[in-house]
Amino acid sequence: MSLGTALTQNEIDTDRTAVFGDLVNSHSASYDAKIVQVFGELGYAIKTPYADFEPFAAASYVHLKPGGFQEIGEIRPGWQERAT
């Protein structure tokens, strides 16, 4: 029998700029989330003169808890970007 757990913390910060013709789109974003996993496995070894077998059963539970996200940005004419 084997058991285990895992906890993961994810934090992502991004910045991006898209240009389409004279429009400029700039955004920044921040995301976070936690993932918890609990798992277990139960097996039984069977040995024979010709081969070894180990039938098993496994189970896993995963929980995703997203925090929040914030995205900030604007769309503006590209000529304003070039003028500064």
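Colleague: Let's start with one residue. In which strand does Ala18 lie?

Modeller: Ala18 lies in strand β1. Bear in mind as we go that this is a predicted model.

Colleague: Is Ala18 buried, partly exposed or exposed?

Modeller: The idea is to look at the relative accessible area: under 20% is buried, over 50% is exposed, and anything in between is partly exposed. Ala18 has a relative accessible area of 43%, so Ala18 is partly exposed.

Colleague: And which residues does Ala18 touch, leaving aside its neighbours within four places in sequence?

Modeller: With those neighbours set aside, Ala18 is in contact with Leu23, Val24 and Asn25.

Colleague: Let's follow Leu23, then. Where is Leu23 found?

Modeller: Look in strand β2 for Leu23. Its relative accessibility is 45%, so Leu23 counts as partly exposed. Now try Pro77: 54 residues separate Leu23 from Pro77 along the chain, yet their C-alpha atoms are 4.6 Å apart.

Colleague: How would I read that sort of pairing across the whole chain?

Modeller: Take the contacts in the protein chain with a separation of 6 or more, and see what share links residues 24 or more positions apart. Here that share is 61%.

Colleague: What about Gly68, and which residues does Gly68 contact beyond its neighbours within four places in sequence?

Modeller: Gly68 sits in strand β5, and its contacts of that kind are Ser30, Tyr31 and Asp32. For Tyr31, the C-alpha atoms of the two residues are 6.2 Å apart, with their positions 37 residues apart along the chain. Gly68 is partly exposed, because its relative accessible area is 41%.

Colleague: Asp32 just came up. Which surface patch does Asp32 help to form?

Modeller: A negative one, made by Glu11, Asp13, Asp15 and Asp32. Strand β1, residues 2–20, gives the largest share, three residues. Asp32 itself lies in strand β2, residues 23–43. A patch residue has to have over 30% relative accessible area. Asp32 has 34% relative accessibility, so it counts as partly exposed.

Colleague: Which residues make the nonpolar patch?

Modeller: Leu7, Val36, Val38 and Tyr61 make that patch, which covers about 400 Å². Tyr61 is in strand β5, residues 56–77. At 53% relative accessibility, Tyr61 counts as exposed, because exposed means over 50%.

Colleague: How many salt bridges does the structure hold?

Modeller: Start with the general idea: side chains of opposite charge can pair when their charged atoms come close. In this case there is one salt bridge. Lys47 pairs with Asp52, and the closest N and O atoms are 3.9 Å apart. The cut-off is 4 Å, so the pair counts. Both Lys47 and Asp52 are exposed.

Colleague: Now zoom out for me. How many helices and strands does the protein chain have?

Modeller: One helix and five strands. Read from the N terminus on, the order is β-β-β-β-β-α.

Colleague: And what percentage of the residues count as buried?

Modeller: Of the 84 residues in the protein chain, 8% count as buried. The accessible surface comes to about 7,200 Å², and carbon and sulfur atoms account for 60% of that area.

Colleague: Where should I look again if I want to retrace our path?

Modeller: Begin at Ala18 in strand β1, step to Leu23 through their contact, and cross from Leu23 to Pro77. Then visit Gly68, whose contacts include Asp32, and finish at the negative patch that Asp32 helps to form.

Note on methods. Residues are numbered from 1 along each chain as its sequence is written. This is a predicted model: local features need pLDDT of at least 70, side-chain atom pairs count only at pLDDT 80 or more; totals for chains, interfaces and linings use all residues. Side-chain values use heavy atoms; hydrogens and water are left out. Helices (H or I, at least four residues) and strands (E, at least two) are DSSP runs, numbered from the N terminus. Buried means under 20% relative accessible area, exposed over 50%, partly exposed in between (1.4 Å probe, protein chains only). Contact means heavy atoms within 4.5 Å. Accessible areas come from the Shrake-Rupley method with a 1.4 Å probe; for residues, only the protein chains shown count as cover. Patches are made of residues with over 30% relative accessible area and no salt bridge: like charges are joined within 9 Å, nonpolar side chains (Val, Leu, Ile, Met, Phe, Trp, Tyr) within 5 Å. A salt bridge is a side-chain nitrogen of Lys or Arg within 4 Å of a carboxyl oxygen of Asp or Glu. Lys and Arg count as positive and Asp and Glu as negative; His and the chain ends are not counted. The place of a charge is taken as NZ of Lys, CZ of Arg, CG of Asp or CD of Glu.
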